[in-house]
Amino acid sequence: GQCFLRHEKKFYLYALYNKNKPKSDSLMSEYGTVFFKTKQMELGDKMDLASYLLKPVQRMGKYALLLQQLMKASRQDVADLRDAEKMVRFQLRHGNDLLAMDSLRDCDVNVKEQGQCFLRHEKKFYLYALYNKNKPKSDSLMSEYGTVFFKTKQMELGDKMDLASYLLKPVQRMGKYALLLQQLMKASRQDVADLRDAEKMVRFQLRHGNDLLAMDSLRDCDVNVKEQG
């Protein structure tokens with residue numbers, strides 16, 4: 001943990017690397033493809049340059065996971081590991097924020113309208129909470145009756161993702177909506193009141209979905225819930 005914290009200032013380079021990567025990818029694609037492909041063949045390397053340039057981005061995520069695992073496994077004081085993990089995750093978010101802000105700079109999209117778009121469909125977002133509430137039941141039904149059928153269809157279609165992965169998408173998407181709205185607020189120089197209201201609404205539905213799931217788990221429970229309080 002102390003090793004990571006000692007080099008904290010240098011980790012900011014990751015955020016800059018992430019911010020500038022689309023530009024470097026574009027330059028390499030435009031001018032360097034033939035040259036680097038020739039060098040790759042000369043060296044007999046199975047990985048192309050693009051794969052090597054992706055490594056720093058992947059490595060930061062691996063650092064965060066490593067620090068998490070060390071905290072779980074350690075019986076010593078983990079304060080330094082916890083601080084190091086927070087620092088790494090901050091730089092991961094910061095890199096994504098810089099990238100988002102770069103994308104929005106000189107953008108002709110009215111950011112205020114994006115918040116209004118979410119708010120216009122506010123009532124429909126309640127479907128997410130119901131989806132989240134019923135997902136364990138649908139997972140159970142699919143596992144019990146549909147595994148062979150859907151696996152066969154997946155192989156027929158040559159799809160790398162199974163049905164369970166697709167059914168998880170709506171759950172993941174709500175979290176991504178909340179992050180998107182946060183990034184839009186950070187990057188925008190316009191009035192962000194609608195974006196803030198939209199982000200609150202999305203986060204409420206995220207919590208509401210989890211609350212409905214918890215209430216379902218407690219129904220017909222033989223524990224006196226009042227006593228627990």
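# Salt bridges along the helices, and a kink in H6

Lys135 and Asp139 join in a salt bridge, their closest N and O atoms being 2.9 Å apart. This is a good place to start a walk through the structure, which is a predicted model. Both residues belong to helix H6 (residues 126–157), and because they are four residues apart there, about one helical turn separates them. An α-helix has 3.6 residues a turn, so residues three or four places apart point the same way. Side chains of opposite charge can pair when their charged atoms come close. The two partners sit in unlike surroundings: Lys135 is buried, with a relative accessible area of 11%, whereas Asp139 is partly exposed at 29%.

## Salt bridges within helices

How many salt bridges does the structure hold? There are five. Three of them are described here, including the one between Lys135 and Asp139. Another links Glu85 with Arg89, with 2.8 Å between the closest N and O atoms. These residues lie in helix H4 (residues 79–104), where being four residues apart puts them about one helical turn from each other. In helix H8 (residues 193–218), Glu199 and Arg203 are likewise four residues apart, or about one helical turn, and their side chains meet in a salt bridge of 2.8 Å, N to O.

The table sets out how accessible each partner is.

| Residue | Relative accessible area | State |
|---|---|---|
| Glu85 | 11% | buried |
| Arg89 | 30% | partly exposed |
| Lys135 | 11% | buried |
| Asp139 | 29% | partly exposed |
| Glu199 | 11% | buried |
| Arg203 | 31% | partly exposed |

Why does Glu85 count as buried? Its relative accessible area is 11%, and buried means under 20%. Arg89, at 30%, falls in the partly exposed range between 20% and 50%.

## A neighbour from helix H3

The pair in H4 also has company from another part of the chain. Gln68 lies in helix H3 (residues 49–73). Which residues does Gln68 contact, leaving aside its neighbours within four places in sequence? They are Glu85 and Arg89, the two partners of the salt bridge in H4. Gln68 and Glu85 are 17 residues apart in sequence, and their C-alpha atoms are 7.0 Å apart in space. Gln68 itself is partly exposed, with a relative accessible area of 29%.

## The bend in helix H6

Now back to H6, the helix of Lys135 and Asp139. With 32 residues, a straight helix would reach 46 Å at 1.5 Å a residue, but the end C-alpha atoms of H6 are only 32 Å apart. Where is the kink in H6 centred? It is centred on Gly146 and amounts to about 80 degrees. Gly146 is also one of the buried residues of H6, among them Tyr128, Ala129, Asn132, Lys135, Met142 and Gln154. The cover over these buried residues includes helix H7 (163–187) and H8. H8 is the helix that holds Glu199 and Arg203. Just after H6 comes Gly158, which takes a positive phi of about 65 degrees.

## Cysteines

How many disulfides does a search of the whole structure find? The search finds zero. Two cysteines can be placed by their accessibility: Cys3 is partly exposed at 42%, and Cys117 is partly exposed as well, with a relative accessible area of 33%.

How values were computed:
Residues are numbered from 1 along each chain as its sequence is written. This is a predicted model: local features need pLDDT of at least 70, side-chain atom pairs count only at pLDDT 80 or more; totals for chains, interfaces and linings use all residues. Side-chain values use heavy atoms; hydrogens and water are left out. Helices (H or I, at least four residues) and strands (E, at least two) are DSSP runs, numbered from the N terminus. Buried means under 20% relative accessible area, exposed over 50%, partly exposed in between (1.4 Å probe, protein chains only). Contact means heavy atoms within 4.5 Å. A salt bridge is a side-chain nitrogen of Lys or Arg within 4 Å of a carboxyl oxygen of Asp or Glu. A disulfide is a pair of cysteine sulfur atoms within 2.5 Å. The expected span of a helix is 1.5 Å times one less than its number of residues. The bend at a residue is the angle between axes fitted to the seven residues ending there and the seven starting there.
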